[in-house]
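Me: I would like to learn how the words used for a protein model are justified. Please set each value against its definition as we go.

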Amino acid sequence: MIECDTGRKRAGVETPEEAIALARLIKDRPLLRFEGFLFYPTETSWPQTQRFFNDAAQGIRELGLEPRIVSTGGTPNLPNMGKLEGATEHRAGTYIFNDRMMLACGAAAPDDCALSVFATVVSRAAPERGILDAGSKTLTADTGALDDGYGLILEYPQAKIKAFAEEHGMLDLSRSNDRPKVGDVVRVVPNHVCVVVNMVERMIAVRSDRIVDVLPVAARGRLT
């Protein structure tokens, strides 16, 4: 697969000419096989992506190759799914759970967030402060490019998880009129759900108030 950058500025070739040149290299190597193109457009660069794909596809067909897979991606791009003529699939990884990043960009509503971290309030040392028993080892230090704390507490949406120790989250309750008590269990929607899943050995599947399954995280912590 040839990854193509059409505006997100993350990775991939940046012009159709580079894509065609890379396809030529693939064709000339007997241990490689050209499969297609991988796109992750910005939410507004789909016309640019279409032009890129049209030019690149024409060039690789002149080499006798055919893009079997044309992949677009991104949960924020779900409203744009199908806009690229010729696409064969759409990768929407975060969509399986959603998270606070997806709430912030408008790709999800709170009811769409299927994964929560259950945490207990273990301290209320001052009226505007509190501590959760979930810190960087659970919610991780990945802010998800958000600048207002490390998660959304569903029961207290105005509360802010402002800082972490490894096993504790520091609460700023100054904006919240309704404040939790010691012993209260709260549900936290993480900023970035992908890294949170990687921190646990298993996930507990719940429907209403009933545990319906236990899902092992088989790839937890695997780097190879």
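**Strands, cores and side chains**

Me: Which residue stands opposite Ala163 in β9?

Reply: Met170 is the residue in β9 that stands opposite Ala163. This is a predicted model, in which local features need pLDDT of at least 70 and side-chain atom pairs count only at pLDDT 80 or more, while totals for chains, interfaces and linings use all residues. Residues are numbered from 1 along each chain as its sequence is written, and side-chain values use heavy atoms, with hydrogens and water left out.

Me: What makes β8 and strand β9 a pair?

Reply: Two strands pair if DSSP finds at least two bridges between them, and strands are themselves DSSP runs (E, at least two residues), just as helices are runs of H or I with at least four residues, both numbered from the N terminus. Four bridges join β8 to β9 (residues 169–172), and the two run antiparallel, so the requirement of at least two is met.

Me: Why is β8 said to stand at the edge?

Reply: The open sheet has six strands in the order β7-β10-β5-β6-β9-β8, with antiparallel pairing. Because β7 (151–153) and β8 (160–164) each have a single partner strand, one side of each is left without a neighbour in the sheet. Neighbouring strands here are turned by 40 degrees against each other on average, direction ignored; such angles lie between lines fitted to C-alpha atoms, for helices over the stretch in contact, and run from 0 to 180 degrees between N-to-C directions.

Me: How do you know that β1 and strand β2 pair, and how do they run?

Reply: Three bridges join β1 to β2 (residues 36–39), and the two run parallel; one bridge links Ile2 to Phe37 in β2. They belong to an open sheet of four strands, β1-β2-β3-β4, with parallel pairing, whose edge strands are β1 (2–4) and β4 (89–91). Helix α2 (residues 46–62) lies across β1, β2 and β3 (69–73), running at about 165 degrees to β2.

Me: Why is Cys194 without a bond to the closest cysteine sulfur?

Reply: A disulfide is a pair of cysteine sulfur atoms within 2.5 Å. The sulfur of Cys194 is 12 Å from the closest one, in Cys113, and is therefore too far for a bond. A search of the whole structure finds zero disulfides.

Me: Are Cys4 and Cys194 buried or exposed?

Reply: Buried means under 20% relative accessible area, exposed over 50%, and partly exposed in between, using a 1.4 Å probe and protein chains only. Cys4, at 3%, therefore counts as buried, whereas Cys194, at 39%, counts as partly exposed.

Me: Why is Asn77 called buried?

Reply: Asn77 has a relative accessible area of 0%, so the word buried applies. Asn77 is found in the loop between β3 and β4, and touches Arg8, Tyr40, Pro41, Thr42, Glu43, Trp46 and His90, not counting residues up to four places away in sequence, where contact means heavy atoms within 4.5 Å.

Me: What joins the side chains of Arg187 and Glu155?

Reply: A polar contact of 2.7 Å joins them. The term requires a pair of N or O atoms within 3.5 Å; within protein, one must be able to donate a hydrogen and the other to accept it, and residues adjacent in sequence count only if both atoms are side-chain atoms. Arg187 lies in strand β10 and, at 33% relative accessibility, counts as partly exposed.
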